[in-house]
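Me: I've got a model open here and I'd like to talk through its strands, surface patches and odd backbone angles. Can we take it bit by bit?

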Amino acid sequence: AKRESWSWRESDFSKARKSPERKPVSIERTKGSEILFGIAPCSLALSQSRRDLFRLFLKESSGTRRLVMSEFVLQATARGVPVHHVKRRELDALCRGQVHQGVCLEATPLRFKSLEEAEKPDLGDEETPNRQLIWLVLEQIQDPMNLGALLRSAYFLGVDRVVTSQRNSCPLTPTVSKASSGAMEVFDVYSTDDLRSFLRAKTAEGWEVVGTVSQPEDVENVPVISCLEFQWNKPVIIVIGSEGDGLSLETQLLCHRMLAIPPGRALHPGIESLNVSVATGILLHSICSQKLKHND
């Protein structure tokens, strides 16, 4: 495979030492690959068969850390992935200073799946025609930390599928995988280039489309209720808008209802909303807990 050379110099902020100046670390990288970092993303990527894997880089370590690293060596050996023990500054160089926890993995990127690749959801037989499926739809989420946190919550709380808009949305980067604590490595994420047609099609199939809003007074022509009052008995899609603007007006008008999170106090102007991933976690817990009760 062709290699691309990376160079990195130690930060100028480092305290001056009398020791000889260190040369830049230069690491060759397989063309078209990316560097995963962090224990959970690298371990889960090694355990799955979703990426092509090239090399595992582990920090030279001793003591309690050695046990964790030996597990990685076993995983990599089982997959036929070469293992390199390197200094911390070389790992820092590989992942551009991100928090790597002593582990980096060179691999091919993960891509969004197209909805054409998705299996048809099982809506149940005649005895259970209203099986409670819940899909999370993301409109123009751009921050990789938010996207990762959203995927982590969706996976943990039992969301059946995540679909994101292709336009103005963050790709599935190593930073997203780290922020998802590796959930991205095991949870398929789909995308569509025509979000509104997708929502219209799901409505025609009998799904309820539910939007989210932080300022109820901003919504027109769509009923707004508290997430605590929301009840559902058929497949539902929860649509989350972008960090800055929320849902676009066109998407709002395709929603049957809008959900809001009631605050616990009178809010000071300027801090009247929640981070998008935190708000989504609250909404999903409120909705998915109903799903769990029905399945008992």
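Me: Let's begin with strand 8: which strand does it join through 5 bridges?

Reply: Keep in mind that this is a predicted model. Strand 8 covers residues 134-138, and its pairing over those 5 bridges is parallel. Within that pairing, Leu136 sits opposite Ile238. The partner, residues 236-240, is strand 13.

Me: And how many bridges does strand 8 share with strand 9?

Reply: Strand 9 runs over residues 161-165, and its pairing with strand 8 is parallel too. Here Val137 of strand 8 faces Val163 across the pair. The count of bridges between strand 8 and strand 9 is 4.

Me: Is strand 8 enclosed or open to the outside, and how many of its residues are buried?

Reply: In a regular strand, side chains alternate between the two faces of the sheet. In strand 8, Ile134, Leu136 and Leu138 point one way while Trp135 and Val137 point the other, and all of them are buried. Strand 8 is therefore largely enclosed by the rest of the structure, with a buried count of 5 of 5.

Me: Zooming out, what's the strand order in the open sheet?

Reply: The sheet has 8 strands, and the pairing is parallel. Strand 8 has strand 9 as one partner and strand 13 as another. Reading across the whole sheet, the order is 7-10-9-8-13-11-14-12.

Me: Which strands stand at the edges of that sheet?

Reply: An edge strand here has a single partner, so one side of it is left without a neighbour in the sheet. At one edge, residues 113-114 join strand 10 over 2 bridges, with Lys113 partnered by Tyr190. At the other, residues 224-226 pair with strand 14 over 3 bridges, and Ser226 stands opposite Ala260. The edge strands are strand 7 and strand 12.

Me: Strand 14 also pairs with strand 11, so which residue does Val210 stand opposite?

Reply: Strand 11 (residues 208-212) and strand 14 (residues 257-260) run parallel, joined by 3 bridges. Val210's opposite number in strand 14 is Arg257.

Me: On to the surface: which residues gather in the patch of negative charge?

Reply: One member, Asp194, lies in the loop between strand 10 (189-192) and helix 6 (195-204). Its relative accessible area is 37%, so it counts as partly exposed. The full patch is Glu116, Glu117, Asp193 and Asp194.

Me: There's a nonpolar patch as well; about how much accessible area do its residues have together?

Reply: The patch is made up of Leu274, Val278 and Ile282. Val278 belongs to helix 8, residues 276-295, and is partly exposed at 43% relative accessible area. Together the three side-chain owners come to about 240 Å².

Me: Last one, on backbone angles: what is the positive phi of Arg96, and what is that of Gln101?

Reply: Both residues are placed in the loop between helix 3 (88-94) and strand 6 (103-107). Arg96 counts as exposed at 58% relative accessibility, whereas Gln101 is partly exposed at 33%. Neither is a glycine. Phi is about 60° for Arg96 and near 55° for Gln101.

Methods. Residues are numbered from 1 along each chain as its sequence is written. This is a predicted model: local features need pLDDT of at least 70, side-chain atom pairs count only at pLDDT 80 or more; totals for chains, interfaces and linings use all residues. Side-chain values use heavy atoms; hydrogens and water are left out. Patches are made of residues with over 30% relative accessible area and no salt bridge: like charges are joined within 9 Å, nonpolar side chains (Val, Leu, Ile, Met, Phe, Trp, Tyr) within 5 Å. Accessible areas come from the Shrake-Rupley method with a 1.4 Å probe; for residues, only the protein chains shown count as cover. A salt bridge is a side-chain nitrogen of Lys or Arg within 4 Å of a carboxyl oxygen of Asp or Glu. Lys and Arg count as positive and Asp and Glu as negative; His and the chain ends are not counted. The place of a charge is taken as NZ of Lys, CZ of Arg, CG of Asp or CD of Glu. Buried means under 20% relative accessible area, exposed over 50%, partly exposed in between (1.4 Å probe, protein chains only). Two strands pair if DSSP finds at least two bridges between them.
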